[in-house]
Structure formats: C-alpha cells, structure tokens
Amino acid sequence: MTTLSSENRDRPSGYGRYNPDATSRPSFYMSDELLQTIANQAQQERASRSSFVASLLGFLLLSPVGQQLQENATRNNRTLVQELEQSLALFQQQLPLEQINQLAVSSQRSQTQMLSYLVLLGLRAYQEGNRLNLEADNE
C-alpha cells in the first residue's frame, strides 16, 4: 500500500502566519496501481495529484450529480461506491458504447461530446414527436 498524502510540508517555523487548515489534510491509503492511475490522470489533466483527487471527491460529494448519487445510495441502502458502480453498470448495459465510439471517431468528437450530442438530438426529436402528436390530436 502507498500513502497519498497532502500534508503541509511547510511546517511553521516561527516565521509568517500559521494556517491550521493546511495541516489537517487527509492521507489516503491505496494500492500502488491506484496511485499510479491517479498520477497518470493528474498528469494528463496537468494537475497535481492532490488537486485531482480533491476535484474528483468534490464532484462526487458536492456537485448536484454527487448529491443525487448520495440520495440514491441512501434510498437503495448502498454505499456511495456501490451506487456509483450500479449507475455505471446500468449506463453501460443500456448504451451501445462501441457504436457511440465509432460515431465519435467518424465525427471527430470525444465519446463524451458524442453522448451529449446524441442526447440533445434525441430530446429534440422527442419534443418534435410530441408536438406532431398534439397537432394530430387537435385536428
């Protein structure tokens, strides 16, 4: 196991102001494989490991998506990790990711951009279908 620590290495030496928040950062114990994955992803994003982990945790715990995951986890009597795994498993089962990846490559988009494009396109088609149905019902 490796420790990813964000401890303040600039301990007070009698000079300057002492920031108590800077010394109360958590240490995470994780496998070497996970630490290397975090380091690689942080490097790709041009961020430090600690800022990458803090951003990821902030997203999972403080964002509206994270709040919804927490509420779902509580409602389904699962941990947050179990709820996230279940959500991702359902997402992957219901979407033809290989086909979406092929569309993304052919349109020079990332997978995320392609998914967003398809969702927006689907919403427009759905709304247009509803509009046509309402017009047909009113005739």
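## A tour of salt bridges and a nonpolar patch

Start by selecting E83, which is buried, with a relative accessible area of 4%; buried means under 20% relative accessible area, exposed means over 50%, and partly exposed lies in between, using a 1.4 Å probe and protein chains only. Before moving on, note that this is a predicted model, in which local features need pLDDT of at least 70 and side-chain atom pairs count only at pLDDT 80 or more, while totals for chains, interfaces and linings use all residues. Residues are numbered from 1 along each chain as its sequence is written, and side-chain values use heavy atoms, with hydrogens and water left out.

**First stop: the partner of E83**

Keep E83 on screen and add R78. Their side chains meet in a salt bridge, at 2.8 Å from N to O. The term stands for a side-chain nitrogen of Lys or Arg within 4 Å of a carboxyl oxygen of Asp or Glu. Side chains of opposite charge can pair when their charged atoms come close. Unlike buried E83, R78 is partly exposed, at 31% relative accessibility. How many salt bridges does a search of the whole structure find? The search finds 3, and the tour now turns to others.

**Second stop: helix α6**

Now select residues 111-138, which make up helix α6. Helices here are DSSP runs of H or I with at least four residues, numbered from the N terminus. Within α6, pick out E128 and R131: they form a salt bridge whose closest N and O atoms are 2.3 Å apart. These two residues are 3 apart in the helix, so about one helical turn separates them. E128 is partly exposed at 35% relative accessibility, and R131 is partly exposed at 38%.

Next, add E135. Its side chain meets that of R131 in a salt bridge, at 2.3 Å from N to O. E135 and R131 are 4 residues apart in α6, about one turn of the helix. E135 is partly exposed too, with a relative accessible area of 36%. Through shared partners, the salt bridges join E128, R131 and E135 into one network.

**Last stop: a nonpolar patch**

Finally, select L103, Y117, L118 and L121, and switch on the surface. Together they make a nonpolar surface patch of about 290 Å². Patch residues have over 30% relative accessible area and no salt bridge; nonpolar side chains (Val, Leu, Ile, Met, Phe, Trp, Tyr) are joined within 5 Å, and like charges within 9 Å. Accessible areas come from the Shrake-Rupley method with a 1.4 Å probe, and for residues only the protein chains shown count as cover. Which helix gives the most to the patch? That is α6, with 3 residues. L121 lies in this helix and is partly exposed, at 37% relative accessibility.
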